[in-house]
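Q: I should like to learn how features are read from a structural model. May we take one as an example?

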Amino acid sequence: MTTPTTDGSAAIRALAQRRWRIAITLTVVMVIIYFGFISLVAFDKALLGRRLGSGLSVGILLGALVIVSAWLLTWFYVRWANTHYDAALSAIERGGGDTR
Amino acid sequence: MNAQTAIGQPNVVAMVFFFVIIAITLGITYWAARRTRTTEHFYAAGRTVSPGQNGFALAGDYMSAASFLGIAGLVSTTGFDGLIYSTGWLVGWPVVLFLIAEPLRNLGKYTFADVVAARLRQAPVRIAAAIGTLATVTFYLIAQMVGAGGLIKLMFGLSYETAIVIVGAAMIAYVLFGGMLATTWVQIVKAVLLLGGAFILAMLVLAKFGFNPSRLFGAAAAKYGDAVLAPGKLVSNPWDAISLGMALMFGTAGLPHILMRFYTVPDARAARTSVFYATGLIGFFYLLTFVLGFGAMVLVGPDTIKGVDKGANMAAPLLAEYIGGTPFLGFIAAVAFATILAVVAGLALAGASALSHDLWVNVVRGGKASGDEELKVARVATVILGVAAVILGITFKGQNVAFMVSLAFAIAASGNFPALVLAIFWRRFTTAGAVASMLTGTLATLVLIWLSPTIQVDVLHRATAWFPLKNPALVTIPLGFAMGIVVSLMSARVADDAFAHHERRMHMGTTSA
């Protein structure tokens, strides 16, 4: 087990694990959204062909929403990293005093 | 040639734009050449590219002829099915952001192999990574060259072979003299032209439908049946759709020419911001392809599109001609030409880096080559790749562009991506595991593509194929991860303090190491 040391290695370890959890969670969300969409393409063509009003089909709407969801996930990650992750990094840099 | 179109006849506007684009990009190359003196300039533009510039350059590197011409063509002839590519090609970007961009910037120098090899033995890892890089780059280049040859032949009436040679020569000039700096600005110019051109074209299409996309889709259904708005024949086997989706999603994070761009920005934070911009721009572009594809279907018609080019790659130029006549056709054709030039330049640079930085410097010379020597070897490699691209382009005349690119994505997703993720995040990863993962992923993809209906039925015209899926990613991505993990667990443990150092560098960068 790592013990707290003056070079901030325990803090880096903790931050690394936190970033990994966020990164893997967001990746899994993107995977679920996209493969949910692809599974519908593969297994439920009738649903995707259903029409909403004059021309828009469920499939086209969901396709556009997949793109919008990718935007939202990247926006969410960048906002988290710019505020929390960067702040934690600079705290480690200030307090670490590491010269390794 | 079709009587109703000016495609294939000399087009003055296209010629003018064509020469303006060549002149501007060569001017950029001249400017960049004077600033390209070290390997850091040649591979990474001196690490001075801003996040906004890199966002546009990433988009420029990524939005290939397959994106623009291929998707518009697929949607115009098959309807909804083409949109599987539009969405699949975007969803890889969040994965790049979450898992790859920042660690890559902090852990590497010029190539993604820098990161995979960082904690491991250099020579075997570099050789395996170079094989994955060159396989990906080669398939991608073939697709781009074939698209370029066909496009220029149709636009200007030049012979296919002449067109390929022109593209090859321009690509060599950008990279050889201007390195990454010229390549970056060629990407930016191209991204602005492509996004601007596609946006204007989409708006002019929507203007005919009261700026209501639903009316456009409704018109397509009224003319060609409700089936064009639903999944259709392109995906007859459900597992094909999932396998293709996996290749598109994880392939992006294994494309050497994309990964290389993260070394051009000053730090990891800039790498992060640049992916955010790139995702926005690329997503916007793929939404436009919905409109362009259905617009071409309704206004031009699938029969006319296939009449001009069996691969349907001329859908967007034909749509431009319908909307704005010969001048607009010329503009869009020139934009498509710029698109191809920029992508091949990025690919050539990535391939040259694998040959010079990974193979020559770190394998042949054991990491002891001088900067001048590395720069010279990189330039020789650029010329070799350029000539090889021309030869391959002529050899593979007549293949469907979008489909060839999806093969490159399958190799990137199976050969490069698993090893890169394991190298960044997994403590127990070993040299043997990395080599096993990259070689198995790449070779299994090549073998299964050969045995798939894609080659056996479509190319060789056999009745059946041994392997059922058109794209092997469903099998080969898990295989790449499994080989990396199993072989690592069977080989000797790596010291834990090496990983602590690696983790510090991954987050803090080299400045604090």
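The dialogue below treats one chain, its contact with a second chain, and a single residue.

A: This is a predicted model, in which local features need pLDDT of at least 70 and side-chain atom pairs count only at pLDDT 80 or more, while totals for chains, interfaces and linings use all residues. Residues are numbered from 1 along each chain as its sequence is written, and chains are lettered from A and ligands numbered from 1 in the order in which they are written.

Q: What does the secondary structure of chain B come to?

A: Helices (H or I, at least four residues) and strands (E, at least two) are DSSP runs, numbered from the N terminus. Chain B has 20 helices and zero strands. Its radius of gyration, taken over C-alpha atoms, is 22 Å, close to the 24 Å of the globule rule (2.2 Å times the number of residues to the power 0.38) for 513 residues, so chain B is as compact as a globular protein of that length.

Q: How many residues does each chain bring to the contact?

A: Two residues are in contact if their C-beta atoms, placed from the backbone, lie within 7 Å. Chain B brings 48 residues and chain A 44 residues. On the side of chain B that touches chain A, α5(B) gives the most, with 12 residues.

Q: Is A:A10 buried or exposed?

A: A residue is buried with 20 or more other C-beta atoms within 10 Å of its own, exposed with 12 or fewer, and partly exposed in between, C-beta atoms being placed from the backbone. A:A10, in helix α1 (residues 9-43) of chain A, has 14 such neighbours and therefore counts as partly exposed.
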